[in-house]
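Visitor: I'd like to learn how to read the features of a model like this one. Can we go through it together, starting with what counts as buried?

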Amino acid sequence: MLKFLDQYLEVILISILFSIMIVSTFSQIILRALFNDSISWSEELTRYCFILMVFFGISYAVKLNKHIKIDLIMNILNDKKKKILEIFSTIIFMLFTLYLTFYGAGVAQKMFSLGQTSPALHIPVGFLYSIIPLGLGLTTIRLLQKLFGDFKSFRLDK
């Protein structure tokens, strides 16, 4: 089960969220075009699904090693120095996501204590702010996996 989640967690979550976005938006279009009516909460639901998709997409990009990076310096380095730079940049990225995870958790906790809810869906705003530590926490786990793989391959190449 853990291996399945490790392989497909982000894909499943992003697919579900994207499907919800499509159904919500399509329903809104049909209701407006055919019945001159609308769903008051569909735009808000679509927006929150999109935000969740972005944070899960960050994690998925890290997993596939497809995140944005500047490889100008990497092209002029030898293999050993490339791996050292890769490990260093992964550590910096991981420290950044750890900081945002803990900071985001604090903000989410504060929002829960305020008791504010979203306008249309009436979801506690604390849940919405929990997207940040959830998505970036998952990204941190993926970065740790990448870092262990990088260290392993660095040791094997010696």
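Guide: Sure. Buried means under 20% relative accessible area, exposed means over 50%, and partly exposed is in between, with a 1.4 Å probe and protein chains only. Take R142: its relative accessible area is 4%, so R142 is buried. One caution: this is a predicted model, where local features need pLDDT of at least 70 and side-chain atom pairs count only at pLDDT 80 or more, while totals for chains, interfaces and linings use all residues. Residues are numbered from 1 along each chain as its sequence is written, and side-chain values use heavy atoms, leaving out hydrogens and water.

Visitor: What share of the 158 residues counts as buried?

Guide: That comes to 28%.

Visitor: How many helices and strands does the secondary structure hold?

Guide: Helices (H or I, at least four residues) and strands (E, at least two) are DSSP runs, numbered from the N terminus. Here you get six helices and zero strands, so the pattern along the sequence is just α-α-α-α-α-α.

Visitor: And the overall dimensions: what is the radius of gyration of the chain?

Guide: The radius of gyration is taken over C-alpha atoms, and the globule rule is 2.2 Å times the number of residues to the power 0.38. The chain has 20 Å, whereas a compact globule of 158 residues would have a value near 15 Å. Along the principal axes, the C-alpha atoms fill a box of roughly 70 × 35 × 35 Å. For contacts, meaning heavy atoms within 4.5 Å, look at those with a separation of 6 or more: 72% of them are between residues 24 or more positions apart.

Visitor: Back to R142. Which residues does R142 form a salt bridge with?

Guide: A salt bridge is a side-chain nitrogen of Lys or Arg within 4 Å of a carboxyl oxygen of Asp or Glu. By this rule the count is five. R142 pairs with D6, with the closest N and O atoms 2.4 Å apart. That pair links distant parts of the chain, since R142 sits in helix α6 (residues 131-157) and D6 in helix α1 (residues 2-35), 136 residues apart. R142 also forms a salt bridge with E10, at 2.8 Å between the closest N and O atoms. E10 lies in helix α1 too, so this pair ties together parts 132 residues apart in sequence.

Visitor: Are D6 and E10 buried or partly exposed?

Guide: D6 counts as partly exposed, at 32% relative accessibility, and E10 counts as buried, at 0%.

Visitor: Where do D150 and K146 lie?

Guide: Both are in helix α6, four residues apart, about one turn of the helix. Their side chains meet in a salt bridge (3.0 Å, N to O), and both residues are buried. As for shared partners, salt bridges join D6, E10 and R142 into one network.

Visitor: Last feature: how much space lies in the largest pocket?

Guide: On a 1 Å grid over the protein atoms alone, a pocket is an open set of points where a 1.4 Å probe fits, with protein on both sides within 12 Å along at least five of seven lines; lining residues have an atom within 4 Å of a point. Points are joined across faces, edges and corners, and the volume is the space filled by probe spheres set on them. Here that is about 340 Å³. Of the 13 lining residues, H67, I68, K69, I70 and S89 are the closest to the centre. Helix α4 gives the most to the lining, with five residues.
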